[in-house]
Amino acid sequence: MTGPEVLVEQLERLLNFHEEKLNSAGFLGILSPFVSREMNLRREKTLLKDNRDKTRRVYYFSAEYLTGRLLDQNLKALGIREEVLRLAASHGLELEQILEEELDPGLGNGGLGRLASCFMDSLVHLDLPATGYGICYRFGLFRQQIKNHRQIEQADDWRHNDLWGTEDRNTGYLIPFGGTVDVSCKENGELQFHQKPAETVIAVPVDYPVSSTISDRVHPLRLWKAESPQGFNLDLFNAEHHAEAWGSVNAAASLTAVLYPGDQGEKGKKLRLKQQYFFVSASLQDIMSSFKANGGGSWQEFPETAVIQLNDTHPVLAIPELMRLLIDREGLSWEDAWDICRRSFAYTNHTVLEEALEKWPVSYIRDLFPRIMMIIEEIQRRLEQNPDAPRIISQDTVHMAALAVHGSFSVNGVAALHSRLLTETVLKDWYALYPERFNNKTNGITHRRWLMDCNPRLSTLINELIGTGWQTEPSRLSELKEKEEDSISDRLAEIKAANKQDFCRWLRQEKGINLNPHSLLDFQVKRIHEYKRQLLNLFTVLALYMDIKDGRDTGSVHHSFLLGGKAAPGYVMAKEVIYFCGRLSETVNKDPACTDRLSLHFLPGYNVSMAQKIFPASELSQQISTAGKEASGTGNMKFMMNGALTLGTHDGANIEIFQAAGEENNFPFGMKTEEINAFRKDYAPRGFVENSPFVKRLTEALDQGILGDPSALRLLLDHLLQEDPYLVLPEIESHYKKVRETEEVYTKEQDWNLKSLRNIAASGIFSSDRTITEYAQEIWRLTPRD
């Protein structure tokens, strides 16, 4: 392995070879392939060592990975960051500006993808052998712009500047779609199956490095892109059928073109389903090929070397696909193949929302994967031998969570409340059948990116106070509890003020938004969804604005509300929330009466890199989902770790944050899950508004045009007054009162800073290192290698 000194020497020669003056992009163009080469060498060495040692390995299957930028991490992993800083300065450049040239990989949308990346980071830093598998999307979800307050989606062409993806052209797997299945009988009377697909594509791996900053280990994040085995048809092209000549090429490319393609119609739904099967089939073939190549013995030994973690329901087709490969290709009996499957798979559930638990029509699966449908039907037939068992197939629909539970040896939720609700609601029948499989693994975040990297000022202070042991043992952040002196509170205030200045400067330069750095910075940044209740926050801003206009306002704090996140292209109500935010922010920010008291901004294009600027500057974190609807949340943990106080409902991991840091050091509010369920029984939105002067005042103001033409908001308001599925209206007043309370506490700087310190001190338990250690010990049975 090449040492840091030699690497720096080689890099310096490369840079000096280019005599012309380098700009930031030019410097990056030399630096990134140099670093990528070394990362690939380390990745190959890590795999060789693990394979030689016949190490048990976890394979993490996820439809999303939100890695964020990787260059800074990889420079640290190589031990050359400080020298690269010097080399950049010798060319008249700033390393920070060079790092900004890297685009965020468009491989995820929200918490699911960010969690997967945190887990991969913890796995490599804990020396636990792992490979991540997913899809190499040509375009990300979309690039978000706001025009006339409306979300505009544009193609996120991130791969034109992809610094890290390395295609392995020596590896590829055929993925079958459609067609028919021939069934015949072997001499011993067993059935054998031969699929005649209507279409095949080639899965080509693109490898990304997941590097460790404390060892030489580099794990592969292996993502699949689709290509046509037929390729470009020259005969058709020369016959002047120019578009048709590209038919198979374009069809294959469409398969991995976009993360979460629109699925309002049948074609979009089938494309999503094909994506899922494509990536799990390729991944399983890759794992099985590796098992054979590394001297794997009997297939019965396979579960002793491999454990496959299914991150949500997107990869659940892996269960029948492994059955297909073991039976049809490897010649195993059904009983042996099923035994292997049930010892190989573990499933993580991420939602109790019925609409988010994937269900696919039997007709779709039969059309696209006829052999897979036969296997699922046989799984169902055998399951029915137990009269107490719930069903996987019902009403001509395959329930993917049910298939996951039945085909896995472990089923976990991602926060204590969520895991309990799974056993009491959406999966209660399966819990009755397999109680021993259910467990909780509260989510976590990598403290390396979300504290050490993004908040160096705070990290430096922590090092001074308790040493550096917390960097590898984040639970030691609890030692900060012994440091509650006024001088530390003052230092925290200085650090937060500097971080706020940095954020406001960046926001002005990049987004053209002017923000008062002395205001209370209050963030709600996450995927736009009704259950996350951005609307609740916006109604409170409207109430504060009306207080100011009516002369009722008694607050003395300049309160800046900042929202960010993307609405799915086909999610009408989520997009209406963004529009409402835009109309409200325009009204508030243009009114001179609000200049020193209130502002509201929507931050377009929220992504990992923006988040790394937001969290260090944050003071208040709004986590206000309807109780019982948020599985866990991880943004709440990132805010907490950076010293923000949580204004939140009793939902997801908020509950565990309140327990760890103390409710008195945060701002819990709202109904609890049981209260929500009881309230729903007799809830009528219009009747509630009529009997709530506080809420009626707000809805009447909107009807009377306080934000301009009320007809433009009619769709959203009618939806609330007729349905209000996530109980926004009943909790507006309690949220408003809690916001007022935060403002009052904020005026007492020492008290606020003390609460902030207590949150930081309690945040170590939410490191993904803790989560992954629990997975490794209690589910995967993995041991560290180095």
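## A negative patch on the surface

Let's start on the outside of this predicted model. Glu485, Asp486, Asp490, Glu494 and Glu749 together form a negative surface patch. Which helix gives the largest share of the negative patch? The answer is helix H21, which spans residues 486-511 and supplies 3 residues.

Asp486 is a good residue to find in the structure, and it belongs to helix H21. Is Asp486 buried or exposed? Its relative accessible area is 54%, so Asp486 counts as exposed, because the cut-off for that label is over 50%.

## A nonpolar patch

The surface also carries a patch of another kind. Phe232, Leu234, Phe237 and Trp246 make a nonpolar surface patch of about 370 Å².

Where does Phe232 lie? Look in the loop that runs between strand S10 (218-227) and helix H7 (234-238). Phe232 has a relative accessibility of 35%, so Phe232 counts as partly exposed.

## Looking for disulfides

Now let's turn to the cysteines. How many disulfides does a search of the whole structure find? The count is 0.

Cys454 helps to show the reasoning. The closest cysteine sulfur to that of Cys454 is in Cys118, and it is 11 Å away, which is too far for a bond, because a disulfide needs the two sulfur atoms within 2.5 Å.

## Two cysteines, two settings

Cys454 has a relative accessibility of 11%, so Cys454 counts as buried. Cys185, on the other hand, is exposed, and its relative accessible area is 51%. Try finding both of them in the structure above.

Technical notes: Residues are numbered from 1 along each chain as its sequence is written. This is a predicted model: local features need pLDDT of at least 70, side-chain atom pairs count only at pLDDT 80 or more; totals for chains, interfaces and linings use all residues. Side-chain values use heavy atoms; hydrogens and water are left out. Buried means under 20% relative accessible area, exposed over 50%, partly exposed in between (1.4 Å probe, protein chains only). Patches are made of residues with over 30% relative accessible area and no salt bridge: like charges are joined within 9 Å, nonpolar side chains (Val, Leu, Ile, Met, Phe, Trp, Tyr) within 5 Å. Accessible areas come from the Shrake-Rupley method with a 1.4 Å probe; for residues, only the protein chains shown count as cover. A salt bridge is a side-chain nitrogen of Lys or Arg within 4 Å of a carboxyl oxygen of Asp or Glu. Lys and Arg count as positive and Asp and Glu as negative; His and the chain ends are not counted. The place of a charge is taken as NZ of Lys, CZ of Arg, CG of Asp or CD of Glu. Helices (H or I, at least four residues) and strands (E, at least two) are DSSP runs, numbered from the N terminus.
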